[in-house]
Amino acid sequence: MKFSYKILLCSITILAAAFGFGGFFFVNYVFESSMEREISQAMNDSSILQFALETAALNVPSKYDVLHDSTIGQIGANLESSQNSSLLRISDEGLQTLYASEGFVEGTELLSNMEEQTRIYRIIDSNERYYIQTGIATTAMDRSLYLETMRDVTDVFSERDQGFSVYRRLTFIMLICGSVAMYFMSHWLTKPIRLLAKAAGRMTEGDYAYRAEQISRDEMGQLTGDFNRMAEALEQTIHQLEDEVRAREDFIAAFSHELKTPLTAIIGYADVLRSRKLDEEKHFLSANYIYTEGKRLETMSLRLLDIIVTKRNELDAQRIDVAQLFTFIRDMYDGKDEVGLKFQYEQGFVWAELNLIKTVLLNLVDNAYKASEPGGTIELYGIKQEDGYCFRVKDYGTGIPKEECKKIMEAFYMVDKSRARSKNGAGLGLALCSEILKLHGSELIVESEVGEGSCFYFLLGCEEVKNHEAED
Ligand code: ADP
């Protein structure tokens with residue numbers, strides 16, 4: 001069953017119960033008030049008639065020293081004709097009727113329940129009419145008598161039935177009007193739920209950009225807002241996952257391609273070597289190709305392994321003296337004089353994993369070497385900044401076109417493939433650097449101009465130490 005129908009059903013049930021019980025108690029309250037009034041009136045009538053009976057008995061001529069049954073009957077008839085609100089019956093000590101109005105109910109149950117000098121009453125129905133029957137014991141001259149009255153209250157009962165009937169009709173009309181009003185109200189109240197359900201449906205079908213319309217500021221509006229925010233986060237995560245899947249597919253495609261090139265060369269040269277006898281020089285060249293391509297494959301697999309390990313690893317940061325890093329680079333390139341290395345750095349300490357940062361710097365300097373012409377210069381800077389310690393590796397080599405600057409961080413991307421391969425490159429060095437710096441909460445930034453050279457830099461968290469310049 002629809003939620004709006006449930007609301008409708010509940011409202012109608014509550015409305016029907018409220019009107020039903022309300023009407024019942026109201027009509028009943030009016031009825032009971034009227035009955036109390038009628039009872040009090042019946043009791044008054046009984047008192048007046050009792051008084052009139054006693055007075056009439058006293059006025060009987062004194063020559064009669066006893067009150068005869070016929071005299072009492074006469075008094076009864078007189079009393080009845082003097083008023084017309086009640087029927088009356090007068091009985092003697094033995095409950096024998098001495099006088100009874102026409103239509104007075106038969107039987108003496110009321111009197112048999114009566115205690116002395118108390119006026120009692122009961123409500124009876126006779127011939128489809130309702131009466132309040134009262135009874136009192138009285139004394140007239142020397143006679144003990146019982147006086148009973150019957151007051152007709154059929155109208156009060158009819159009014160009650162009429163009240164119930166009016167209320168029934170009113171309840172019915174109110175229910176119909178209420179149901180129509182509640183139908184529209186429940187429809188309006190559940191509109192945000194329908195909009196949310198629609199949005200959820202659209203998103204299930206793959207339309208992640210779809211958002212639920214927010215039509216109110218109440219709790220439902222807040223829920224819609226929260227749902228939309230959740231959808232936003234979900235959409236971002238899905239796009240991120242899609243990007244990751246695409247990146248992985250690109251990676252696999254590039255990996256297979258990069259694997260194919262050296263393998264083709266190795267297989268080709270190996271085939272030549274095994275199929276015919278070559279002169280010494282060609283034999284050496286073929287074996288050399290196999291060796292260099294094999295070496296390239298080895299480098300590539302080691303780099304890939306490094307990337308995977310870096311991605312999975314957690315950082316084991318230590319406090320490192322930057323001088324130690326620059327000295328390491330200087331020692332590594334000591335003796336390679338075709339390109340000049342210049343160092344300029346401020347003394348300081350950084351928080352990093354030593355071997356990983358050495359790998360980054362080595363890769364950057366190595367790339368700068370590959371890009372530089374013999375006789376060129378490579379500059380290494382260490383600058384303390386407000387937000388950390390900045391390492392810069394600058395060369396005056398080939399440079400990188402602007403549109404390629406972002407792509408070079410992707411695995412297997414090489415700007416000039418043949419040049420890179422000839423220098424034993426596989427397009428994995430910068431991808432590894434990026435991963436390492438990501439692990440350190442940093443990133444690798446490149447500024448480059450074609451023909452003018454490139455500058456790669458990154459920041460690491462550092463400690464305040466006395467500034468000091470060192471130049472090599
Ligand atoms: P590899 O050096 O093994 O080819 P890298 O990931 O280190 O792979 O670099 C990717 C590509 O970026 C290189 O092939 C090269 O084309 C370009 N590149 C990197 N550093 C420089 C640089 N300093 N100057 C010019 N090009 C560079």
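1. Helices and strands here are DSSP runs, numbered from the N terminus, with at least four residues for a helix and at least two for a strand. The model is a predicted one. By that naming, Phe-164 belongs to helix H4, which covers residues 154-189.

2. Phe-164 has a relative accessibility of 19%. The cut-off for buried is under 20%, and Phe-164 therefore counts as buried. Setting aside residues up to four places away in sequence, Phe-164 touches Phe-24, Val-27 and Asn-28. The pair Phe-164 and Val-27 is 137 residues apart in sequence, yet the C-alpha to C-alpha separation is 6.6 Å.

3. Helix H1 (residues 3-58) lies across four strands: E1 (86-91), E3, E4 and E5 (143-152). The direction of H1 makes about 35° with that of E4.

4. The strands under H1 bring up the five-stranded sheet. This sheet is open, its order is E2-E1-E5-E4-E3, and the pairing is antiparallel. Strand E2 (97-100) and strand E3 (120-126) are the edges, each pairing on one side only. From one strand to the next the twist averages 25°.

5. At the E3 edge, seven bridges join E3 to strand E4 (residues 129-140), and the two run antiparallel. Within this pairing, Ile-123 stands opposite Ile-132 of E4.

6. At the other edge, the loop between E2 and helix H3 (109-112) holds Ser-101. Is Ser-101 buried or exposed? Its relative accessible area is 4%, so Ser-101 is buried. Apart from neighbours within four places in sequence, Ser-101 is in contact with Glu-80, Leu-87 and Leu-88.

7. A further open sheet has three strands in the order E6-E8-E13, with antiparallel pairing. Its edge strands are E6 (318-321) and E13 (462-463), and each of these pairs on one side only. Helix H8 (residues 322-332) packs on this sheet and touches E6 and E8. The angle between the directions of H8 and E6 is about 60°.

8. E6 pairs with strand E8 (residues 349-352) through four bridges, in the antiparallel sense. One residue pair can be named: the bridge partner of Ile-320 in E8 is Val-350.

9. The largest pocket has a volume of about 1200 Å³. Its lining counts 29 residues, and those nearest the centre are Ala-247, Lys-311, Glu-410, Ala-411 and Glu-435. Which helices each supply at least two residues of this lining? They are helix H6 (219-275), helix H7 (280-312) and helix H11 (429-439). H6 gives the most, with 10 residues. By class, the lining of the largest pocket holds 12 nonpolar, four polar and 13 charged residues.

10. The second largest pocket holds about 960 Å³ of space. It is lined by 39 residues, of which Asn-363, Asp-366, Asn-367, Lys-370 and Gly-425 are the closest to its centre. Two or more lining residues come from each of H7, helix H9 (354-371), helix H10 (417-422), H11 and strand E12 (453-460). H9 provides the largest share, eight residues. The lining of the second largest pocket divides into 19 nonpolar, 11 polar and nine charged residues.

11. H7 and H11 each give at least two residues to the lining of the largest pocket, and both are also among the elements that give two or more to the second largest. A reader comparing the two pockets on screen may want to start from these helices.

12. H11 deserves its own point. How many of the residues of H11 are buried? Nine of its 11 residues are, and the helix is mostly covered. The buried ones are Gly-429, Leu-430, Ala-431, Leu-432, Cys-433, Ser-434, Glu-435, Ile-436 and Leu-437. Glu-435, listed there as buried, is also one of the residues nearest the centre of the largest pocket. The buried residues of H11 pack against H7, H9 and E12. Just after H11, Gly-441 takes a positive phi of about 75°.

How values were computed:
Residues numbered from 1 in each chain as written. Predicted model: local features only at pLDDT ≥ 70, side-chain atom pairs only at ≥ 80, totals over all residues. Heavy atoms only, no water. Pairing = 2+ DSSP bridges. Contact = heavy atoms within 4.5 Å. Axes fitted to C-alpha atoms, helices over the stretch in contact; angles between N-to-C directions. Buried < 20%, exposed > 50% of the residue type's maximum accessible area, 1.4 Å probe, protein only. 1 Å grid on protein atoms, 1.4 Å probe; cavity = no way out; pocket = protein on both sides within 12 Å on 5 of 7 lines; lining within 4 Å. Points joined across faces, edges and corners; volume = space filled by probe spheres on them. Nonpolar A, V, L, I, M, F, W, Y, C, P; charged D, E, K, R; others polar.
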